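This report introduces one protein chain to a reader who has not met it before. The sequence and the model are shown first, and a description of the fold follows.

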Amino acid sequence: MSRYKRPYEFTDLTLKKKIEKELEDRKSKIHKYYKICLRCGQLKMLYEFSIEKRNTDGRLGVCKTCKSRESLKYYYENREKILVKVKKYQKDNPRDRSSYYENYQKLNKERLKKIASKWYKENRKAIKARNLKYYEDNKEACQARRKLWIKNHKEEIKKYNREYQKLKKGG
Ligand SMILES: [Zn+2]
């Protein structure tokens, strides 16, 4: 009567080789599709890291979520400096935005509008999902930005609300 061989009784090592190769493949898959963020230390999918062609794996070492927080922190800490820089650049390069860009927009107004609305219609679901995912991933940053926006537009918001109330009463 025959019985099943126990593992240590196998003399054929091809199976062992096969398993070793499979394990190797699995390991390399981790390097191919996943990456550990240098900031938060989380193992994340590669697409959660921005593209950086200079790196060997083509991605940044810091994940998008951490990166966006970092840049927001940098923005808060250097807001004054950044604003001065932007103003200076705009002063030094007046043609840059105003004439060329605005002209292009004006000349192609209808065409650009059509392209944008067609694109939006075709991608409505994907855009919504993407925005929601971005918000979920960057909740704190989004809320901070919103707060800052409200703070900077206090007067406009008040005015808008007054107009709205007037309209409601009148109609
Ligand atoms: Zn991270």
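In this predicted model, buried residues account for 3% of the 171 residues in the protein chain. A residue counts as buried here if 20 or more other C-beta atoms lie within 10 Å of its own.

The secondary structure consists of seven helices and four strands. Read from the N terminus, the elements follow the order α-β-β-β-β-α-α-α-α-α-α. The radius of gyration of the protein chain is 28 Å, well over the 16 Å that the globule rule gives for 171 residues, so the chain is more spread out than a compact globule. Along its principal axes, the C-alpha trace spans about 100 × 50 × 35 Å. Of the contacts between residues at least 6 apart in sequence, 27% join residues at least 24 apart.

The domain assignment of the protein chain gives two ranges, listed below.

| Domain | Residues |
|---|---|
| Domain 1 | 7-63 |
| Domain 2 | 123-171 |

The C-alpha centres of domain 1 and domain 2 are 41 Å apart.

Helix 6 covers residues 139-152 and has 14 residues. From its first C-alpha to its last, helix 6 reaches 20 Å, close to the 20 Å expected at 1.5 Å a residue. How many of the 14 residues of helix 6 are buried? The number is zero, so helix 6 lies largely in the open.

Definitions and conventions. Residues numbered from 1 in each chain as written. Predicted model: local features only at pLDDT ≥ 70, side-chain atom pairs only at ≥ 80, totals over all residues. Domains from an automatic or database assignment. Helix = DSSP H or I, 4+ residues; strand = E, 2+ residues; numbered from the N terminus. Expected span 1.5 Å × (residues − 1). Buried ≥ 20, exposed ≤ 12 C-beta atoms within 10 Å, placed from the backbone. Rg over C-alpha atoms; globule rule 2.2 N^0.38 Å. Contact = placed C-beta atoms within 7 Å.
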